[in-house]
Each structure stands twice: as structure tokens, then as C-alpha cells.
Amino acid sequence: MTDHATPSAQPTIRRLDDGWVMELTPAGACARPDEIVGIEDFIAAPVPGTVAQALEAAGRFDRANPKPLDTRDAWYVLRLDEEPGDVTLRFEGLATVAEVFLNGDRILSSQSMYLSHDVTVHLQGGDTLAICFRALGPLLGKKGPRARWRPQMITPAGMRLFRTTTLGRMPGWCPEVHAVGPWRPISVIRHHRNEPGEARISARLDAQGCGHLTVRVENAEGATVACAGAKAKVVDGSAVLVLPGVEAWWPRSHGKPVLHDVTLDWNGEMVTLGRTGFRHVEIDRDADGQGFGLKVNGVPVFCRGAVWTSADIVSLPGGRADYRPWLEKAAQAHMNMIRIGGTMAYESAEFFQLCDELGLMVWQELMLANFDYPASDEAWLADLKQEVAQLLDRTSASPSLAVVCGGSEVYQQAAMLGLPESTYRSELTESILPELVRAHRPDCVWVANSPSGGAMPFSPNAGVTHYYGVGAYMRPLDDARRAHVRFAAESLAFAHVPEQVTLDKYLPVAAVHDPRWKARVPRDRGASWDFEDVREFYLKLLYEVEPERLRRENPGLYLDLSRVVTGEVIEATYAEWRRAGSSCRGALIWTFQDLLPGPSWGLIDATGLAKPVWHAVRRAFRPLQVGLTDEGTNGIDLHVVNDLGEARDVSVELVCLRDGAVPVVSGRRDLTLDPHSAMTIAATDLFGTFFDTAYAFRFGPPSHDVTVARLIDRASGEEIASAHHFPLGRTAARRDVQFTLELLESDQGLALEISTDRLAQNVQIDVAGFEVSDNWFHLAPGRPRRILLKGEGKPSGEVRLAGGRCVSRF
């Protein structure tokens, strides 16, 4: 068992993490725990945890080839080592149909994996706690209200009747690992006489920049609550504080995520109730009323990030240590938003607390996806409403929670099957749920469904869309502008190839055609193509190669180009979406992390190692950014963005190179970038004369093969960002290069300085045991690139081009 110390003025909470055992029995064979006698086959079981996790630890489950876990009952048993007395047993999450017994007597039945339950009991000493998780498989045939539509993506159809995750129930999307077990903590709570109860903290910032804090806490009448220099007494169970000019919380791209301690002075003892931040979030519909974007503290914020899956598909963990390495990588990639989609599972309060600290906004969908749900079933609706209320209450102090959404692709699914709007725009998502959100988290914005808002729910030119024009629908890159995207809650899904070290350890097979490889490639159920086909479409489009031939004749080059091409597409698309004058106010990538090692959707592989595409995303998301777009006979436009909350003095440089080395024309301009600003400069304005930068007029042979833009910090002279345009295509600009390497100590730590004699495309750094600050990037001559190395000892490795060309060692 685990003690979680609490101040003496609050309840004592003791986690029941240790000592559990688990066994599987035939479905329905044992109604009570005493009937298990004679069929015992117990194994140690982690709590919080899952059946799959316990079986995996015992060597009886393979996540890569999972067996069904919904055909048998699972019994968890614990011998309590607790003093006699009245206590509260708290069950924060039981997946899914569960019965709880104390000393053989049933004390709780639950039908939802998302509900937390408090049960008051009397312990006698030497008590036994048992939980039975009933086999869900046989229950999924249960009849409910008739569905008006049936999605193919999630199976079986009976899933819509149960409040449980669809993870493990989407063939082709994720491994079929079923969520069963006490996936969230179980605790014993002892209350002390006349003590304050658990506090609920709610904070908001009004449009005038004044903070408002409400703290609800029982049994603390007359105590003093303090925050950021303001104080108020608890009256009738609440303390209300007004904080003029309080320092606001910002998403990390636009400012500092400032948090403030909230304390309670209880009879001279100072108790920390929690931390919170003050921010104001509102929807920006654009001048035509058809857009969707967020304003935070009155400032438009371009939202960029990715869709979260799970920190681990087997254990479904919810601890701070489980989340930290993942969310830190999101922050390092300059993300400012994480979306938890309706096909996933709710994360714990620790997830939101880390997002608070890291400046990551959260788009939280309710766990509703694709189905026609039985909202007319009173018991089902009551569980859903309680689930939502608990979610909002346990995250009430978190400024990171910015958007609450009524689910994923419910509207889209029905519309794509030809059903009228009146069928899917229901009272549930248009009235019941938004009213609940307004009551519990009025500081958050509500979105009825993702996608929604256009002539069709999925139309990209209005409201919120799921944009796959560039991506799954294999449209050319300029579709990102033609589609007039307003906000993409998901987009740009590809089968991203991991680093070779991951493949060598976890998937040491021939790429593409080996069945074990293909099993890791995501696909839509029933489709004749998969997301590897999508990647290869853009490999052919951008590099002018035949993927089938390349992977036969040069598999190393095939894999390397496959690693970089998805990042090239993402960088080009975000350059379009983030430019001044773009209709787009935000876009999130599908998905953040993989669930198994292999060529799947994640930017980070299932081992936690960043894929090559992650580095491209990090470049695309920089708060200080330069980009290039090809405007045809209008030439090349250079776009500069400053998302930061302070002005920056910079210089922009633009140069066209022949043979990747010889300057043909160049220009430079000093700029002062206002806070939260963007601007566009025509290349000819920098050059001061006409030059066919895009090679659109074609009056003669091309004079250059690459255009390089750099954004330079005027104070330090360091390069902040760069961008590249290839008027003749990337393959025409590929050449062998000569690298110059130098290891040095910088003010930020150990670094590798790399320079080149001509344009080097897709520079790869391989240094075992070290993380690098950038990788798989283009490097132009004339200015070295300094790459930070994070690790222990003296680094040694090599720098090379895609396909293992032009190797230099250090």
C-alpha cells in the first residue's frame, strides 16, 4: 500500500497500490468472491493497472499479438491492512462493468469505466476487498434503442451502449488490446473531525484582465484563502477572490504559463490547496462568421499540436511520471495544444497539471465517437452526465483545459451516410452537454462535435474540420490553400517511418511487404489502401522517384526518403497555414504517439523516441518562423511570424543558389517584429528587381536550383529559422557535399557545429546515447548550424545525407 501524505488539516488518503492479485474465470461462473475457491490461478496485479498489464508482466500476454480480454471475468483481490473504523473507499476508474465486494458483501456496481465512486464502509480489521470485472464480450450483444446509423470503424456495434474506451476496438487503427481492470487508483480516505474537505478551485480572467477565483471547501468556515496577494474568507462553503491585474497564464507559444499557489490558512496552519492560472478563452469566428479560432487573453492564437493516443496502450497509465516524457516532447516541439479525441480515454488530473506547467492547451473531447448513442436511455444519460461533471470538476483548477467538445465524427459519420442534419444535431450535443459545461467550466469554450460548422460537418471552409486533402485523399500540396481550411482538429496523417534503431530492435523485417511490417501500418477498415500508400504518393510527388522500384533497388535510400518526405509535406503545409492572410487559425496532426513500434501515425514512436518527422514538426511550429510559398507568376513570397509576447529585432536574408553553392541573387532586410504579428514580403521586394525566383516564366534555362530564406537574430547574429524552395524539385538539387564538423562547448552545453560547401538536403546526425536538438534538416552553405547534444560522456558518431551518402565522422 502507498501512503500519500496530506496536510493534517485535510483528509488522509492512502492509496491501495500494492498487494493485489488477479485471476481470470469463465464469464459468469462466479457470482461472489467465495465461489472462486477451487479454481484459483492468481497472479500479482498492479493497481492502478489493467488485466493486460498483469498478464504481460507474467509473460502471458503479447501486445503485438493480443488475445481477447473480454470473454472472461477478471477478479482482483486485496487483503486490507487497515485499522478498524469508518472510512471512504474511493474507486477512481473501473473498466468497465464491475462489482465490488467487501468481506463478501457487494458494496458497489458500476457500468462505466469513466466514473469515480466514493463508498462509505466500516472496516473491521483484516478485511478483504474483491472486484469482479465482468466479461464485456457477451454483454455487447445487448439490445438498446435502435441505431439510425452504424459506423464501420468501431466494432462491435454494442460498444455504443457502454461507457468505455474504443481503444482496442478499431481494427486497423490500433492494437486490439481491451481495457479491463482498475485502471485508475483505489484509495482509503479517513476524515478527521472538523477538518476542511477537498477543495475545488475555479479561476478565470475577464476581458478586462481582472482575475476571479472561487474556492469551494467544506468545513472551513471563516478560514482564509489566499492567491497572488489577494485574500478572502470562506463564507457558506466558498471564498471568492478578485485579482485586478493578476499575471495571466499563456500558451507557451505566446507567453509564459504563469501559475499561482492557492493556500488556506486553517487555524494558523498554511495548507496548499493547489495551483491555478488565469486566462480568458473565446472563439473567433472571423469577419464572415464562418471561421473558427481561439483568442487567448484577447490575442488570436494559431493552435498547433497533435492528437494524443495513450502513454501506453496496455497499462493506460495516469501518473505524472508516465505523462512527463511525452508532454515534454510536445513542449520541445513548440506545440501549444494537445487534443484528446473521442476515440481515446480520459486522462487524469496529473495530465492537465503538467499541461498547465508546460503551457499546453488541451482540446478535450467527451468520449463519444461515430455512434448514434442511446441518449433516450435515462441510465446511460445519467452516467454520461456524471462522467462529464466529474471530468470538469477534477480539472477545475487547470487553465490548460481550453476546449470541451461533444465527441469525434458523430456528425460526420451520419452526414457521410446521407442522413439529414436534423438526425445528428441532437439535444445531447446542442443543449444537454453544453449546459453542463457552462455550469462546471464556464471559462472553457464548447464545440458541439469535431468536425462541425460547415455546409457539411466535414467541410474544411467553415468551422472545425478534419482535413485530409493533403494526406489521405492525396491532393497536391496547394489544396491546403484551395480548401480554405479554418481549423483542423486533425490533419496530415501518414505512416511515419521511425528511426532505424527502433526498427532494428522491434521490427527487424523488410520494409513494406513483410506481413509483420504491414500489420503496423494503419488503415481504414474496409479500404483498399493504407497510409503507407499515402506516404508513397508524396514520395513520388516530391522526389520524382518510383517508390516500388526504389525500395527494391536501394532500400536504405527508400527508408530515408520515406522518413523525410512526410516532414517535408508537413513543413510546407504549415508554412501555408501560418502565413499572414491565411484563413487557417489552427491545425493539429493525427497523431502524437504510436501504440506499437513501427510505421504508424505517431510523431513519436511507441518507445518514446522521436521519429524524423518530429524534428520537421518542431521546425514548422517555431514561434519565430520564416516560410516560403510559391505564388506562381507572382514569384516567391517570404512569410515571417512572431507569436511571442515581445517585439524582436531580426534580419531576413534570401538567396538563390546555383548548384547549391553559387549565389545568383540575394537580398536582406532588417525588421522589428511586433508581438503576435505576421507579415509577407515578396522576394522581388528584397532583391529590388525582377527575378524569376519560382521559375514560373521559364524565359530561359534555370539559373538556380534552390532558394534559401533565413531569419537572423540581430542582437546575437544567430540563425533562428530557415526555409527552402526548390524550383526544379528536390531531386534536381540533390548533390554530394563536403561537411566540416566541430565539437564545442556552448553556453547551452555540448554542441556539434556543422557546415557544408553546398546545399545539403536531409542531413542526418547519428550519435548513440545522445539526443540532438535538430535532425534530418536542410543545410545551406555560408552559415554553420549548431546542434546541441544532450547525453553523458564524450559523443562520437557521424553526419550523412539520406541513403548513407557523404559520411563524415566525429
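**View 1. Helices α5 and α8 pack against each other in this predicted model.** Helix α5 covers residues 378-394 and helix α8 covers residues 427-440; their axes lie 9 Å apart and make an angle of about 35 degrees. Here, helices (H or I, at least four residues) and strands (E, at least two) are DSSP runs, numbered from the N terminus. Axes are lines fitted to C-alpha atoms, for helices over the stretch in contact, and angles run from 0 to 180 degrees between N-to-C directions. The crossing of α5 and α8 is right-handed, the term for a near helix turned clockwise from the far one by less than a right angle. From α5, the contact (heavy atoms within 4.5 Å) takes in W380, L381, L384, K385, V388, A389, L392 and D393, and from α8 it takes in L428, I432, L433, L436, V437 and H440. Sorted by class, these are 11 nonpolar, one polar and two charged residues. Ala, Val, Leu, Ile, Met, Phe, Trp, Tyr, Cys and Pro count as nonpolar, Asp, Glu, Lys and Arg as charged, and the others, Gly among them, as polar.

A word on reading these views: residues are numbered from 1 along each chain as its sequence is written. As the model is predicted, local features need pLDDT of at least 70, side-chain atom pairs count only at pLDDT 80 or more, and totals for chains, interfaces and linings use all residues, while side-chain values use heavy atoms, with hydrogens and water left out.

**View 2. Helix α4 is mostly covered.** Look along residues 349-358 and you will find that seven of the 10 are buried, that is, under 20% relative accessible area (exposed is over 50%, partly exposed in between; 1.4 Å probe, protein chains only). The buried ones are A349, F351, F352, L354, C355, D356 and L358. Their cover includes helices α3 (320-332) and α5, along with strands β22 (303-308), β23 (337-340), β24 (361-365) and β25 (401-405). After α4 comes G359, with a positive phi near 75 degrees.

**View 3. H639 sits in strand β31, residues 636-642.** H639 counts as buried because its relative accessibility is 4%. Its side chain makes polar contacts with two other side chains, those of T629 at 2.7 Å and T680 at 2.9 Å. A polar contact is a pair of N or O atoms within 3.5 Å; within protein, one must be able to donate a hydrogen and the other to accept it, and residues adjacent in sequence count only if both atoms are side-chain atoms. Setting aside neighbours within four places in sequence, H639 also touches other residues, including R579, Q625 and M679.

**View 4. Strand β16 has a covered face and an uncovered one.** In a regular strand, side chains alternate between the two faces of the sheet. In β16 (residues 238-244), A239, L241 and L243 form the covered face, and S238, V240, V242 and P244 the uncovered one. Strand β13 (residues 210-216) runs antiparallel to β16 and is joined to it by seven bridges; strands pair if DSSP finds at least two bridges between them. One of the bridge partners is L241, matched with L213.

**View 5. Two asparagines, N103 and N762, have a positive phi.** N103, at about 55 degrees, lies in the loop between β7 (98-102) and β8 (105-110). N762, also at about 55 degrees, belongs to strand β39 (residues 760-767). N103 is partly exposed because its relative accessibility is 34%, whereas N762 is buried at 3%.
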